[in-house]
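Here are my notes on the model you sent over. Please read them with the structure open.

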Amino acid sequence: MSSAKTFYISTLEETVLPVTYIEKYKDEHTKALFAKYKFNSHKDRDYFQARISLERFISDIVLHVKNNLTLGRGDIHYFTSPPSTMFARGEKAEDSMRELLRQDTDLFTKIFSVKLSHIKNSKAQHLGSSRKKRLAKTSDRYSIYWKFKFMLMLRNPKHIQITILDDVCSTGGTLLACKQTLQNYMQKKKPGVGLTIQVFSIAH
């Protein structure tokens with residue numbers, strides 16, 4: 001089985017790293033879907049309709065990744081998502097992207113946590129953060145979640161393949177921050193373990 005969706009890859013003029021995505025965020029319908037799902041606290045009919053649509057997009061990405069995934073002996077693969085700073089700050093009741101991805105695949109695992117300093121000193125991108133601020137100190141935003149560290153100790157894999165999936169990618173700064181955080185941790189704590197990271201977004 002193969003995914004019939006068309007996938008696009010952003011250029012380095014658009015984002016700080018190439019990001020594979022399937023929807024154009026400039027499209028008014030796409031914008032409306034995210035608004036109804038991410039910023040609708042009532043969980044009404046619009047919320048659930050938007051959620052169903054977004055789950056279909058995630059299913060397309062998950063299928064695409066699985067169809068192109070090659071795992072050797074001792075390899076493991078996980079889907080994960082960037083942590084929501086708004087959720088960590090208590091401004092949202094749930095980490096909306098994590099909930100979507102967790103419902104769609106049993107291979108989801110939480111890898112990243114938001115650092116306390118980033119919670120205090122940042123604001124959500126939709127509230128008007130400049131491109132320069134969003135790209136500043138990307139390696140200082142997140143830390144590695146303790147359960148993921150424990151899993152690595154227990155399983156002791158030879159190679160890890162990680163797919164990081166975001167909802168909306170504008171500059172790519174969030175995905176870059178996640179990628180750098182994981183790379184730095186593995187280089188320091190697990191230098192003998194191979195690491196492959198690919199980054200996706202529903203929309204750009």
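**Notes on the predicted model**

1. Start with strand 2 (residues 20-23) and strand 7 (residues 194-203). The two run parallel and are joined by three bridges. This is a predicted model, so please read every point below as a description of a prediction. Within the pairing, Tyr 21 sits opposite Ser 201 of strand 7. Glu 23 has Ala 203 as its bridge partner in strand 7.

2. Strand 7 also pairs with strand 6 (residues 159-168). That pairing is parallel too, and nine bridges hold the register. Here Asp 166 stands opposite Ser 201. Ser 201 therefore has Tyr 21 across from it in one pairing and Asp 166 in the other. How are strand 6 and strand 7 connected by helix 8 (residues 173-189)? The three elements form a β-α-β unit, and it is right-handed.

3. Now the whole sheet. It is open, has five strands and follows the order 1-2-7-6-3, with mixed pairing. Strand 1 (8-9) and strand 3 (75-80) are at the edges. Each has a single partner strand, so one side of each lacks a neighbour in the sheet.

4. Two helices deserve a look against this sheet. Helix 7 (residues 146-155) packs on it and touches strand 3 and strand 6. The direction of helix 7 makes about 165° with that of strand 3. Helix 2 (residues 45-67) lies across strand 2, strand 3, strand 6 and strand 7. Relative to strand 7, helix 2 runs at about 150°.

5. Check the loop between helix 7 and strand 6, where Asn 156 is found. What is unusual about its backbone? Most residues other than glycine have a negative phi. Asn 156 has a positive phi, near 45°. Is Asn 156 buried or exposed? Its relative accessible area is 53%, and the cut-off for exposed is over 50%, so Asn 156 counts as exposed.

6. Lys 36 belongs to helix 1 (residues 28-38). Which residues does Lys 36 contact, leaving aside neighbours within four places in sequence? They are Asp 46, Tyr 47 and Ala 50. Lys 36 and Ala 50 are 14 residues apart in sequence, yet their C-alpha atoms are 6.2 Å apart. Lys 36 has a relative accessibility of 37%, so it is partly exposed.

7. On aromatic residues, a search of the whole structure gives seven pairs. One of them is Tyr 25 with Phe 34. The ring centres are 6.0 Å apart and the planes meet at 55°, so this pair is tilted. The two partners differ in cover. Tyr 25 is partly exposed at 30% relative accessibility, whereas Phe 34 is buried at 3%. Ring pairs also link Tyr 37, Tyr 47 and Phe 48 into a cluster. Tyr 47 is one of the contacts of Lys 36 as well.

8. Some overall figures for your summary. The protein has eight helices and seven strands. Of its 204 residues, 48% count as buried. The exposed area is about 11,200 Å², with carbon and sulfur atoms supplying 50% of it. Among contacts with a separation of 6 or more, 77% are between residues 24 or more positions apart.

Key: Residues are numbered from 1 along each chain as its sequence is written. This is a predicted model: local features need pLDDT of at least 70, side-chain atom pairs count only at pLDDT 80 or more; totals for chains, interfaces and linings use all residues. Side-chain values use heavy atoms; hydrogens and water are left out. Two strands pair if DSSP finds at least two bridges between them. Helices (H or I, at least four residues) and strands (E, at least two) are DSSP runs, numbered from the N terminus. A crossover is right-handed if, with the strands pointing away from the viewer, the path from the first strand over the helix to the second runs clockwise. Contact means heavy atoms within 4.5 Å. Axes are lines fitted to C-alpha atoms, for helices over the stretch in contact, and angles run from 0 to 180 degrees between N-to-C directions. Buried means under 20% relative accessible area, exposed over 50%, partly exposed in between (1.4 Å probe, protein chains only). Accessible areas come from the Shrake-Rupley method with a 1.4 Å probe; for residues, only the protein chains shown count as cover. Rings of Phe, Tyr and Trp (its six-membered ring) pair if their centres lie within 6.5 Å; planes under 30 degrees apart count as stacked, over 60 as edge-to-face and the rest as tilted.
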